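Please open the model in your viewer and keep the sequence panel beside it, since this tour moves from one selection to the next. Each stop says what to select and then what is found there.

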Amino acid sequence: MPGSGFERLRVLIVEDNQHMRSLLRSLLNSIGIREIYEAGHGSAALEVLNDKRCDLVLSDLAMKPMDGIDFTREIRQSPKSVNPFMPIVMITGHTEKHRVEVARDAGVTEFLAKPITAQSLFARIGQIMENPRAFVRCASYFGPDRRRKAQEGYAGPWRRHDDTQDVHVR
């Protein structure tokens, strides 16, 4: 895939398993990405981001001392965040529904289940770069719009049928 435009991307891999970091690095290299940084956990990743500008983060979920969820929350919500809009792909073997929902609610852009394939990784990166999602800010959330599809023909200000329950009209 060299020549796809991916070669200009700067990617941070946040993963506590060295073997998985090497695999992800090899996959990214195969599509022409050369500027790749690594961190073994979320706290180390925040330090990398203070020194290096990145366009994309690939993060594991389960790490210590700071896991991928807390790392994502820090990126999205901290006043010290270098880029709260940075795309974050959570790559994990922990795919139980509640974990996926916690990751989504923390502000993860995309979710990939291990074991990953080159095809699934490249598809997610392409989707993120070619069709970036809008960001939403409200009292309880900041991150990529979690709603994937707009309802055709809908003319109202809200996208869910029960959104009007939150509207206070005087």
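Two strands are taken to pair if DSSP finds at least two bridges between them. With that in mind, and remembering that this is a predicted model, begin by selecting the five strands that form an open sheet, which run in the order S2-S1-S3-S4-S5 with parallel pairing. Strand S2 (35–39) and S5 stand at the edges, and because each has a single partner strand, one side of each is left without a neighbour in the sheet. If you look across the sheet, neighbouring strands are turned by 20° against each other on average, with direction ignored.

Next, select S1 (residues 10–14) together with S2, which pair in the parallel sense over five bridges. Within this pair, valine 11 has isoleucine 36 in S2 as its bridge partner.

Now add the helices that lie against the sheet. H3 packs on the sheet and touches S1, S3 and S4, and its direction makes about 175° with that of S4. H5 also packs on the sheet, where it touches S3, S4 and S5, and its direction makes about 175° with that of S5.

Stay with H5 and select residues 118–130, a helix of 13 residues that reaches 18 Å from its first C-alpha to its last, close to the 18 Å expected at 1.5 Å a residue. Which residues of H5 are buried? They are Leu121, Phe122, Ile125, Gly126 and Ile128, and because they cover an arc of only 165° around the axis, they lie on the same side of H5. Gln119 and Glu130, on the other side of H5, are exposed. The buried residues of H5 pack against helix H1 (18–30) and against the strands S3 (56–59), S4 (88–92) and S5 (110–113).

For the next stop, select helix H2 (residues 42–51) and helix H3 (residues 68–77), which pack at an angle of about 35° with their axes 9 Å apart. Here Gly42, Ala45, Leu46 and Leu49 in H2 meet Phe71, Glu74 and Ile75 in H3. The residues of this contact divide into five nonpolar, one polar and one charged.

Finally, select glycine 143, which lies in strand S7 (residues 141–144). Is glycine 143 buried or exposed? Its relative accessibility is 0%, so glycine 143 counts as buried. Leaving aside residues up to four places away in sequence, glycine 143 touches Arg76, Gly107, Ala134, Phe135 and Val136. To end the tour, add threonine 72, which is 71 residues from glycine 143 in sequence and 9.5 Å from it in space, C-alpha to C-alpha.

Note on methods: Residues numbered from 1 in each chain as written. Predicted model: local features only at pLDDT ≥ 70, side-chain atom pairs only at ≥ 80, totals over all residues. Heavy atoms only, no water. Helix = DSSP H or I, 4+ residues; strand = E, 2+ residues; numbered from the N terminus. Expected span 1.5 Å × (residues − 1). Buried < 20%, exposed > 50% of the residue type's maximum accessible area, 1.4 Å probe, protein only. Arc of directions from axis to C-beta. Contact = heavy atoms within 4.5 Å. Axes fitted to C-alpha atoms, helices over the stretch in contact; angles between N-to-C directions. Nonpolar A, V, L, I, M, F, W, Y, C, P; charged D, E, K, R; others polar.
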